[in-house]
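This report describes a two-chain model for a reader who has not met it before. The sequence and structure are shown first, and the description follows.

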Number of protein chains: 2
Amino acid sequence: MEKLIGNAIVGQSGGPTAAINATLSGVIKGALASDAITKIYGAQNGIEGVLARRLLDLSAMTEEELSLLETTPAAALGSCRKKLPADFEGKNRKIFEDIIEVFKEYDIRYFFYIGGNDSMDTVAKLSRFTKEIGYDMRVMGVPKTIDNDLAGTDHTPGYGSAAKYIATTMQEILRDTAVYTVKAVTIVEIMGRDAGWLTAAAALPSLFCNVKPDLVYLPEVAFDYEKFYEDVEKAFETHPNVVIAVSEGIRTAEGVYVGEGTQSGATDAFGHKYLSGTGKALEIAVKEKFGCKVRSIELNLPQRCASHLSSKTDLDESVAIGSHAVRQATRGESGKMAIFTRVKNDPYEVCVDTADISGIANAVRSVPRAYINERGNNVTDECLSYIAPLIIGEPALVFEGGLPKHFSF
Amino acid sequence: MEKLIGNAIVGQSGGPTAAINATLSGVIKGALASDAITKIYGAQNGIEGVLARRLLDLSAMTEEELSLLETTPAAALGSCRKKLPADFEGKNRKIFEDIIEVFKEYDIRYFFYIGGNDSMDTVAKLSRFTKEIGYDMRVMGVPKTIDNDLAGTDHTPGYGSAAKYIATTMQEILRDTAVYTVKAVTIVEIMGRDAGWLTAAAALPSLFCNVKPDLVYLPEVAFDYEKFYEDVEKAFETHPNVVIAVSEGIRTAEGVYVGEGTQSGATDAFGHKYLSGTGKALEIAVKEKFGCKVRSIELNLPQRCASHLSSKTDLDESVAIGSHAVRQATRGESGKMAIFTRVKNDPYEVCVDTADISGIANAVRSVPRAYINERGNNVTDECLSYIAPLIIGEPALVFEGGLPKHFSF
């Protein structure tokens with residue numbers, strides 16, 4: 001294949017993670033090392049920035065800047081949630097033509113998009129459109145999502161850091177709640193609408209510590225209030241402080257989200273229907289049933305942006321997958337997503353590869369049933385063995401005035 | 001003064017912090033180094049453990065164990081919320097006599113109590129009672145509280161680590177919320193029912209980074225909804241992502257807690273009055289007023305137990321104040337609390353001292369008005385200069401399998 005020489009654009013899209021900037025750094029490093037890519041531009045706010053020509057020339061970034069970028073949370077280039085039209089017909093065609101106009105203007109021959117499901121959808125469409133019109137370029141997707149629910153890859157960049165944050169925070173909460181002798185339930189609500197990967201990570205402390213959550217509920221198994229009350233009752237038999245991890249997305253066999261169901265009658269002062277979240281709903285249910293002290297904790301945004309506690313394994317892999325995507329594009333690949341394949345687990349070894357994007361975009365990878373115990377109230381050892389290597393290692397952080405130093409454009 | 005030779009008990013009380021075990025380590029180190037103290041016992045669950053004779057002999061703890069203890073969150077000995085009776089009359093006298101019986105049985109001549117306001121109250125009462133009955137012993141309080149609201153000391157052990165966690169998390173949330181171009185408000189609810197010290201720490205990123213919360217509301221200033229809406233409106237003029245830090249304890253000029261007020265009409269599915277918290281109440285108010293995307297985040301327990309992000313300054317001082325309390329007790333002091341006095345701020349220098357406990361117990365130290373700007377929607381540079389040195393430094397943590405290693409008895 002003839003070498004395709006030109007400029008490249010990299011963009012970030014979807015929800016932030018603690019590792020998405022490490023992948024950005026990987027793409028930039030890959031571009032700087034390549035003799036096919038002349039200039040590497042960063043599109044601000046993803047594809048929106050391409051359309052608006054908000055392009056930063058990243059070609060002069062130093063090693064030091066890139067290193068700081070790797071431990072900076074959230075999307076340094078800004079993000080977007082824009083979804084491209086489903087086809088290239090009629091009015092829909094215009095936006096694709098607008099994008100190509102920008103590509104031609106800047107002589108863009110490489111486009112790298114770091115994101116989740118929606119972003120891979122963008123990559124697939126752009127790849128098809130450029131082929132259709134015969135514009136010679138390479139379009140590559142690089143995955144990121146804390147949810148770990150992308151198909152085609154062993155795991156996603158960003159998941160390991162989120163898992164490490166959740167496991168560490170759970171361990172600290174377990175220490176905290178153990179100090180009193182009074183009967184109490186603590187419910188920790190963890191992100192994950194459809195996949196329970198993040199909530200499963202809450203069980204990791206059991207591998208190394210003498211503490212663990214009593215109960216872990218994932219959205220992959222239907223939630224049953226009566227079984228739940230039995231589970232809590234049984235946990236109280238062993239100790240007074242019961243700690244529970246729940247996915248925000250748990251729902252009953254009828255498909256009703258726990259976070260919605262319990263609140264159906266509630267309205268706030270403005271008459272709005274009150275949606276308090278899954279943890280709060282269970283807090284109310286437990287208080288009603290057991291009459292004991294109950295607290296719910298929603299881990300919230302820090303799950304996806306707590307880069308002060310990121311996993312070195314995750315960051316290193318995130319850089320590597322970004323560079324790999326560039327390398328493979330310059331070798332002729334297009335319409336692909338970079339992926340991880342786990343070579344072996346003990347010792348952990350992973351290799352970076354690419355896969356055709358058509359089978360990946362818009363598919364969701366759930367936690368397999370074998371990773372959840374029979375009763376559906378905890379994860380199995382097999383599940384923990386899968387997650388454990390992903391949280392290993394602590395990156396060297398730069399602190400300034402006691403706070404982690406971040407990079408910004 | 002004649003040297004008082006005997007055994008010692010140390011106990012922990014009140015809410016956990018990331019530094020209370022560092023103080024425990026300091027007390028143990030002080031006791032081990034003293035030739036007046038023969039054995040050092042740890043009372044499990046504070047004064048409850050004294051009464052129940054749940055005493056652990058800590059005299060053989062190694063350097064390595066103590067070092068791990070210092071970076072372990074929450075009270076390793078367990079805690080309690082027990083308050084001793086107000087006087088020694090009639091039935092009330094019994095509990096004090098029971099305590100002394102245990103002290104005599106174990107030849108206890110030193111009692112160190114690590115805790116907040118209520119614990120200092122226990123110290124004051126025990127000190128008076130032992131004097132009254134002529135039992136020769138020394139009773140010392142060692143402060144801890146993330147709230148930083150104890151009188152008589154420049155700051156409290158535990159505050160610096162909580163402040164570092166809050167500032168770091170705020171900085172990460174600021175990065176996270178900045179990635180989209182859509183108009184949105186993020187409200188971060190921070191602990192502090194009566195004092196705004198913790199919430200003030202959320203403004204620290206402004207000292208070193210190019211990000212800061214737009215608005216900061218402390219309980220020391222009456223909260224006014226109309227002024228609040230004006231503040232948000234004004235913040236929107238400069239950027240689309242408005243981030244607000246609020247104390248859980250903010251209340252209106254009429255003394256109504258924001259977290260209660262807005263929910264007055266709301267009930268849950270069980271007909272209970274819905275108390276959702278301050279952040280949630282403001283989320284609803286902002287959504288109603290501006291119709292934009294709003295999210296509220298309650299930092300919750302991690303504020304007091306996130307030892308993975310503790311301040312080295314705080315931990316070092318926490319160890320030092322524990323050892324100092326022991327040293328002063330063996331020199332004859334009793335009925336005192338160990339305190340910090342700030343010698344100077346630049347460079348920061350602190351000395352450890354003791355103060356009579358009677359003026360300290362049950363007093364609350366609020367954020368001074370000069371530390372809050374005139375409009376009451378942010379803190380002043382003077383306030384930030386006061387907090388800044390307390391979050392400096394990162395302790396060397398031991399990790400195992402990617403998780404911080406904790407000590408447990």
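Domain bounds, as used here, come from an automatic or database domain assignment. On that basis, chain A is divided into domain 1 (6-158 + 309-363 + 398-404) and domain 2 (159-305). Taken over C-alpha atoms, the centres of domain 1 of chain A and domain 2 of chain A are separated by 34 Å.

This is a predicted model, in which local features need pLDDT of at least 70 and side-chain atom pairs count only at pLDDT 80 or more, while totals for chains, interfaces and linings use all residues. Residues are numbered from 1 along each chain as its sequence is written, and chains are lettered from A and ligands numbered from 1 in the order in which they are written.

Two residues are in contact if their C-beta atoms, placed from the backbone, lie within 7 Å. By this criterion, 19 residues of domain 1 of chain A are in contact with 16 residues of domain 2 of chain A. Between the chains, 66 residues of chain B are in contact with 66 residues of chain A. The table gives the composition of one side of each boundary, with Ala, Val, Leu, Ile, Met, Phe, Trp, Tyr, Cys and Pro counted as nonpolar, Asp, Glu, Lys and Arg as charged, and the others, Gly among them, as polar.

| Side | Nonpolar | Polar | Charged |
|---|---|---|---|
| Domain 1 of chain A, touching domain 2 of chain A | 7 residues | 9 residues | 3 residues |
| Chain B, touching chain A | 31 residues | 25 residues | 10 residues |

In the side of chain B that touches chain A, the largest share, 9 residues, comes from α6(B) (helices are DSSP runs of H or I with at least four residues, strands runs of E with at least two, numbered from the N terminus). Chain B can be laid on chain A with an RMSD of 0.0 Å by a turn of 180 degrees and a shift of 0.0 Å along the axis (least squares on the C-alpha atoms of residues with pLDDT of at least 70 in both). The two copies are thus related as by a two-fold rotation axis. Because 100% of the interface residues of chain B are also interface residues in chain A, the copies meet through the same surface.

Within chain B, Ile166(B) is in contact with Ile190(B), Leu198(B), Ala201(B), Ala202(B), Leu299(B) and Gln303(B), leaving aside its neighbours within four places in sequence.

Helix α5 (residues 117-133) of chain A has 17 residues. From its first C-alpha to its last, α5(A) reaches 25 Å, close to the 24 Å expected at 1.5 Å a residue (1.5 Å times one less than its number of residues). After α5(A) comes Gly134(A), whose phi is positive, near 75 degrees.
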